Amino acid sequence: MVTNTINRIDTTDEVNCCGCLACMAVCPNNAISKTVNERGFIVPTIDDSKCINCGLCLRTCDFKKEHKEPSNNKKAYALIFGDKKVLGKSTSGGAFSALSDVVLRESGFVVGSVMEDDFTVHHVITNDPGYRDRMRGSKYVQSDIHEIFHPIKDLLVKGEKVLFSGTPCQCAALRSFLGQEYDNLIVVDLLCHGVPNNNLFKEHISYLEKYYGKKIVGYSFREKKFGWDSYTNAVRLSNNREKAKWINQAYYSFFVNSVSLRPSCFNCVYRSYHRYSDITIGDFWGYNKIAKKKKNKGVSLVIVHSDKGQRLIEDSAQLAEIYEVEVDKIKKNIQIKSTSTKLSKDAFWKKYQGDGYSGLVHKYFDNSVLKQMRFEVKKIIKKM
Ligand SMILES: Cc1cc2nc3c(=O)[nH]c(=O)nc-3n(C[C@H](O)[C@H](O)[C@H](O)COP(=O)(O)OP(=O)(O)OC[C@H]3O[C@@H](n4cnc5c(N)ncnc54)[C@H](O)[C@@H]3O)c2cc1C
């Protein structure tokens, strides 16, 4: 039984835990396990009878570390993937596909987030291009990475090339877990607004299944058919029909209004120009103005932080149109400040714990006929 609790992570400190579970992966005595709390967020739990108080979890937790000053040696690019079908399935301009294609062609491995048939979102590793395709598209849900730390390390030690993609906290967690630099590892992080949890998303799915009276077999958070910037959440029903009604947007509205985000996202230490990655990717809003283009199917913003990242972006030029842009022009695309919300998070979660997901929809989502009509009209205009 351990009495000294100073030398280990504080599992009650939600604001300073991003739920990466690097602590669990690094624990030499398997004393840390994954728990999902009453609001659905992944948190570590320590088994006192197994904890040897070695302090490794605390030393590995990157969220609480001092962070370096941002580096200024950056280059920024706009990227548009060449294959229109791939571009249509990518959230932005298909930067992830371009970068990961290069790694797969060199017989490397790609690590990224997939959504399973039961809507579980987690990270997987593959060297199969078909399976990699399932990583395409943003899932605005925390992707569980706890199972991939050790397999990634094994591959790196064997000398295999690995591209890891994820949110900035996931990238920092991986680097901290590895504890050393690997020349064969490329880290690609996303510009990140923050993450809601998987349970809330699954409840959204159940809510919509009741609404449509059918099983949902597919979900897209950013259906591009209605425009790159339309943020349309589309579902595929078991009768193979696609529905993109206003009600689908409920979960997304909680996400963009930030009220459903993980508590640590409000205290994010990675929202800066300094990154734990070789490359950062995101939506390149405003690119049309810079390039004086009228319309497009999405543009990726690519920010390069290292020589390794620079080589990869140069190699991906065979697959995509790539234009260098002045770093000053991209500053407004990078969220520097922590997320905040005008809504009361306490009241939101209290409602959820009292009345469930439908209670949230009733209280926080404007499902008025006017809203629905405006959404439908916008969709028609965008499609035209
Ligand atoms: C939770 C979240 C918040 C984001 N917030 C912003 C933002 O505020 N501003 C902005 O410009 N861009 C944001 N992005 C990034 C943007 O939505 C695109 O993912 C990014 O531009 C890559 O698009 P793409 O066209 O290159 O490729 P895509 O094929 O669309 O990208 C897929 C990539 O995203 C990764 N991914 C998908 N879902 C997750 C997840 N849940 N967790 C970790 N990795 C995931 C995949 O592993 C893969 O690497 C966010 C992404 C996520 C997942």
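**Exercise 1. How are helix 8 and helix 12 oriented to each other: roughly parallel or roughly perpendicular?**

Keep in mind throughout that this is a predicted model.

*Solution.*
- Start with the axes: those of helix 8 (residues 198–212) and helix 12 (residues 345–364) come within 10 Å and cross at roughly 75°.
- Angles from 65 to 115 degrees count as roughly perpendicular.
- Helix 8 and helix 12 are therefore roughly perpendicular to each other.
- Now look at who makes the contact: helix 8 contributes Glu203, His204 and Tyr207, while helix 12 contributes Tyr357, Ser358 and Val361.
- Sorted by class, this contact of helix 8 with helix 12 has three nonpolar, two polar and one charged residues.

**Exercise 2. Take Val361 of helix 12 and work out whether it is buried or exposed.**

*Solution.*
- Count the surroundings: 20 other C-beta atoms lie within 10 Å of Val361.
- The cut-off for a buried residue is 20 or more, so Val361 is buried.
- Next, list its contacts. Leaving aside neighbours within four places in sequence, Val361 is in contact with Tyr207 and Ala250.
- For a distance to check in your viewer, try Gly227: it is 134 residues from Val361 along the chain, and their C-alpha atoms are separated by 25 Å.

**Exercise 3. Find the buried residues of helix 6 and say how they are arranged around its axis.**

*Solution.*
- Helix 6 spans residues 149–157, and its buried residues are Phe149, Ile152 and Leu155.
- These buried residues cover an arc of only 130° around the axis, which puts them on the same side of helix 6.
- Turn to the face pointing away from that buried side: here helix 6 carries the exposed residues His150, Asp154 and Val157.
- The packing partners of the buried residues of helix 6 are helix 1 (22–26), strand 4, strand 5 (121–126), strand 6 and helix 7 (168–178).
- Finish at the end of the helix: Gly159 follows helix 6 and has a positive phi, near 95°.

**Exercise 4. Decide how far helix 7 is enclosed by the rest of the structure.**

*Solution.*
- Pick out the buried residues of helix 7: Pro168, Cys169, Gln170, Cys171, Ala172, Ala173, Leu174 and Phe177.
- That is eight of the eleven residues of helix 7, so this helix is largely enclosed by the rest of the structure.
- Its buried residues pack against helix 1, helix 2 (56–60), helix 6, strand 6 and strand 7 (185–190).
- Just after helix 7 comes Gly179, with a positive phi of about 70°.

**Exercise 5. Describe the surroundings of Val188 in strand 7.**

*Solution.*
- Val188 is buried, with 26 other C-beta atoms within 10 Å.
- Setting aside residues up to four places away in sequence, Val188 touches Leu99, Leu163, Phe164, Ser165, Ser277, Asp278, Ile279 and Ile281.
- Of these, consider Ile281: 93 residues separate it from Val188 in sequence, yet the two C-alpha atoms are 7.2 Å apart.

**Exercise 6. Which residues are closest to the ligand, and how many surround it?**

*Solution.*
- The ligand is surrounded by 33 residues, and the closest are Ser90, Thr91, Gly112, Ser165 and Gly282.
- The elements giving two or more residues to this shell are helix 4 (95–105), strand 4 (109–115), strand 6 (162–166) and strand 11 (279–283).
- By class, the shell around the ligand holds eleven nonpolar, 19 polar and three charged residues.
- One name links back to the previous exercise: Ser165 is among the residues closest to the ligand, and Val188 touches Ser165.

Definitions and conventions:
Residues numbered from 1 in each chain as written. Predicted model: local features only at pLDDT ≥ 70, side-chain atom pairs only at ≥ 80, totals over all residues. Near = placed C-beta within 6 Å. Helix = DSSP H or I, 4+ residues; strand = E, 2+ residues; numbered from the N terminus. Nonpolar A, V, L, I, M, F, W, Y, C, P; charged D, E, K, R; others polar. Buried ≥ 20, exposed ≤ 12 C-beta atoms within 10 Å, placed from the backbone. Arc of directions from axis to C-beta. Contact = placed C-beta atoms within 7 Å. Axes fitted to C-alpha atoms, helices over the stretch in contact; angles between N-to-C directions. Parallel < 35°, antiparallel > 145°, perpendicular 65-115°, else oblique.
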